[in-house]
There are 2 protein chains.
Amino acid sequence: MARTQGSHSDITGPRIRRAALSLFARHGFAAVSMRQIAGEVGVQAGALYNYTPDKQTLLYQLMREHMEDLLSARETRAAVAGADPLARLEDFTRHHIRFHIERPDEVFIAYMELRNLTPENFAEIESLRRAYETELETILRDGVDAGVFTVPDPRIATYAVIAMLTGVNTWYRAGGRLSLDEVEAIYWDMVRKLVMV
Amino acid sequence: MARTQGSHSDITGPRIRRAALSLFARHGFAAVSMRQIAGEVGVQAGALYNYTPDKQTLLYQLMREHMEDLLSARETRAAVAGADPLARLEDFTRHHIRFHIERPDEVFIAYMELRNLTPENFAEIESLRRAYETELETILRDGVDAGVFTVPDPRIATYAVIAMLTGVNTWYRAGGRLSLDEVEAIYWDMVRKLVMV
DNA sequence: CCTTGAAATGAACACGTGTTCAGATAAAAC
DNA sequence: GTTTTATCTGAACACGTGTTCATTTCAAGG
């Protein structure tokens with residue numbers, strides 16, 4: 001019986017996911033073959049099927065893991081945040097940027113490879129994404145109700161803020177003109193003005 | 001000699017590009033075969049090579065055409081706009097939304113398939129994109145110089161506004177809750193506040 | 001030391017890939 | 001009516017695809 005401590009399989013699964021993640025992000029899901037992934041892990045293609053039922057599920061699991069990490073991290077922070085909508089919005093803004101910058105491959109895949117999911121898997125990922133968006137939308141609505149925010153349409157402001165924040169991933173490079181702290185501050189300034197009364 | 005008026009080839013080239021555009025947008029460049037494109041046009045795969053040297057160039061031409069349309073449309077409007085930065089920014093905002101919403105397939109491809117371009121073709125497309133971004137950045141800098149805008153960093157505000165505006169394409173559907181005019185107005189409101197002094 | 005069984009191999013399957021090209025087709029040019 | 005010529009076909013090439021599975025490997029359990 002394997003799968004006791006230190007068994008090979010305990011380490012191969014994650015290695016496969018890491019290889020697939022990096023290759024999918026670099027070349028795209030459709031352009032990466034199971035043989036390429038296997039080669040990166042140092043194994044024959046057939047061996048991958050001890051860890052995943054098929055290529056599509058491999059992609060789905062990567063996306064799902066990412067979205068669940070995102071949601072649970074958000075919930076953790078929401079629990080410690082106070083009731084002030086402005087403080088909650090600042091926390092959301094800064095955390096979104098930092099979380100996404102730390103996971104460029106996962107973020108890239110989660111946005112670009114949605115169309116390679118089966119309809120059922122797509123629905124699953126989409127519902128996780130909607131849950132995350134609802135976090136922000138709730139903050140905005142609470143702020144509007146409390147009279148501290150003025151947004152023309154909370155639903156659309158949610159889309160706008162998330163698109164704006166996620167856009168950081170397309171241009172930010174560590175060691176560039178601005179530190180991550182500065183980027184956070186600049187975006188928070190823009191978001192704050194965007195919702196300002 | 002063909003290629004006089006009404007020749008077959010005058011109409012087949014555009015038909016191929018339209019079919020490729022739609023298929024690339026739906027399934028992704030790597031997942032679409034030359035035989036699928038040919039099938040959509042009603043022709044054998046070999047015939048495509050009378051119109052394009054290869055699949056990669058077909059993608060490049062679609063992207064290039066789109067980016068050049070975007071830039072020349074922008075230049076046309078910039079020529080008639082006045083000197084008031086606020087009016088120029090409003091025009092940019094509304095025009096960006098409308099132009100992009102009218103071309104969802106082109107926009108999708110231009111964002112998602114960059115990694116399938118050769119380095120030379122990628123550089124070409126990127127330089128067109130930078131030129132477009134510079135249009136907005138110039139408006140923002142002029143507004144800051146004139147004292148009518150306050151943005152923490154014009155370069156980053158450019159990225160932020162473009163990401164925010166292009167995000168409309170991910171959720172807007174004709175016949176939904178909001179008309180395109182309303183969407184334009186809502187986004188202009190948010191952009192205006194974002195750069196407000 | 002022998003048994004057990006999870007994990008890896010490597011070949012095979014059936015089919016799809018981008019691209020090429022000799023030959024057929026048919027419409028325009030003269 | 002004949003020649004010219006752009007266009008299209010259909011087969012071929014060399015190789016890559018995801019996935020399966022009988023067989024081998026080899027470390028842990030007893």
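1. A good place to start is helix α7(A), where Ile156(A), Ala157(A), Thr158(A), Tyr159(A), Ala160(A), Val161(A), Ile162(A), Ala163(A), Met164(A) and Leu165(A) are buried. Put as a count, 10 of the 13 residues in α7(A) are buried, so this helix is mostly covered. Keep in mind as you read on that this is a predicted model. The helix runs 18 Å from its first C-alpha to its last, close to the 18 Å expected at 1.5 Å a residue.

2. Which residues does Val161(A) touch, leaving aside those up to four places away in sequence? They are Leu136(A), Val191(A) and Leu194(A). Leu136(A) is itself one of the buried residues of α6(A).

3. Now for the core around that helix. The largest nonpolar core has 50 residues, and those touching the most other members are Ala160(A), Val161(A), Ala160(B) and Val161(B). Both chains feed this core: α4 (85-101), α6 (119-145), α7 (154-166) and α9 (180-195) of chain A each give at least two residues, and so does each of α4, α6, α7 and α9 of chain B. If you have the structure open, Ala160(A) and Val161(A) are handy residues to click on, as both are buried in α7(A) and both are among the best-connected core members.

4. Next, α6(A). Its 27 residues should span 39 Å at 1.5 Å a residue, and the end C-alpha atoms are 37 Å apart, which agrees. Buried residues in α6(A) are Leu136(A), Ile139(A), Leu140(A) and Gly143(A). As background, an α-helix has 3.6 residues a turn, so residues three or four places apart point the same way. The cover over the buried residues of α6(A) includes α4, α7 and α9 of chain A. Just after the helix comes Gly147(A), with a positive phi of about 80°.

5. Stepping back to the whole of chain A: it has 9 helices and 0 strands, so in sequence order the pattern is simply α-α-α-α-α-α-α-α-α. The C-alpha atoms fill a box of roughly 60 × 35 × 35 Å along the principal axes. Of the chain's 197 residues, 30% count as buried. Looking at contacts in chain A between residues at least 6 apart in sequence, 69% join residues at least 24 apart.

6. How is chain A divided into domains? The assignment gives domain 1 (13-50) and domain 2 (61-195). In chain A, the C-alpha centres of these two domains lie 29 Å apart. Their contact takes 8 residues from domain 1 and 7 residues from domain 2. On the domain 1 side, the residues that touch domain 2 of chain A are 6 nonpolar, 1 polar and 1 charged.

7. On to the pairing of the chains. In the contact between them, 22 residues of chain B meet 22 residues of chain A. On the chain B side, the elements giving two or more residues are α7 (154-166) and α9 (180-195). By class, that side has 16 nonpolar, 2 polar and 4 charged residues. Helices α7 and α9 of chain B also each supply at least two residues of the core described above.

8. What rotation superposes chain B on chain A? It is a rotation of 180°, with 0.0 Å of shift along its axis and an RMSD of 0.0 Å. The two copies are thus related as by a two-fold rotation axis. They also meet through the same surface, because 95% of the interface residues of chain B are interface residues in chain A too.

9. Two residues of chain B are worth a look at the other end of the sequence. Ile37(B) sits in helix α2 of chain B and is buried, with 25 other C-beta atoms within 10 Å. Leaving out residues up to four places away in sequence, Ile37(B) touches Ile16(B), Ala19(B), Ala20(B), Leu23(B), Val32(B) and Leu48(B). Leu21(B) is 16 residues away along the chain, with 9.4 Å between its C-alpha atom and that of Ile37(B).

10. Is Thr52(B) buried or partly exposed? With 19 other C-beta atoms within 10 Å, Thr52(B) is partly exposed, since buried calls for 20 or more. This residue lies in the loop between α2 (34-41) and α3 (55-80) of chain B. Beyond four places in sequence, Thr52(B) touches Thr57(B) and Leu58(B). Ile16(B) is 36 residues from Thr52(B) in sequence and 9.4 Å from it in space, C-alpha to C-alpha.

Notes
Residues are numbered from 1 along each chain as its sequence is written. Chains are lettered from A and ligands numbered from 1 in the order in which they are written. This is a predicted model: local features need pLDDT of at least 70, side-chain atom pairs count only at pLDDT 80 or more; totals for chains, interfaces and linings use all residues. Helices (H or I, at least four residues) and strands (E, at least two) are DSSP runs, numbered from the N terminus. A residue is buried if 20 or more other C-beta atoms lie within 10 Å of its own, exposed if 12 or fewer, and partly exposed in between; C-beta atoms are placed from the backbone. Two residues are in contact if their C-beta atoms, placed from the backbone, lie within 7 Å. Ala, Val, Leu, Ile, Met, Phe, Trp, Tyr, Cys and Pro count as nonpolar, Asp, Glu, Lys and Arg as charged, and the others, Gly among them, as polar. Domain bounds come from an automatic or database domain assignment. A nonpolar core is a set of buried Ala, Val, Leu, Ile, Met, Phe, Trp, Tyr and Cys residues joined through C-beta atoms within 7 Å. The expected span of a helix is 1.5 Å times one less than its number of residues. Copies are superposed by least squares on the C-alpha atoms of residues with pLDDT of at least 70 in both.
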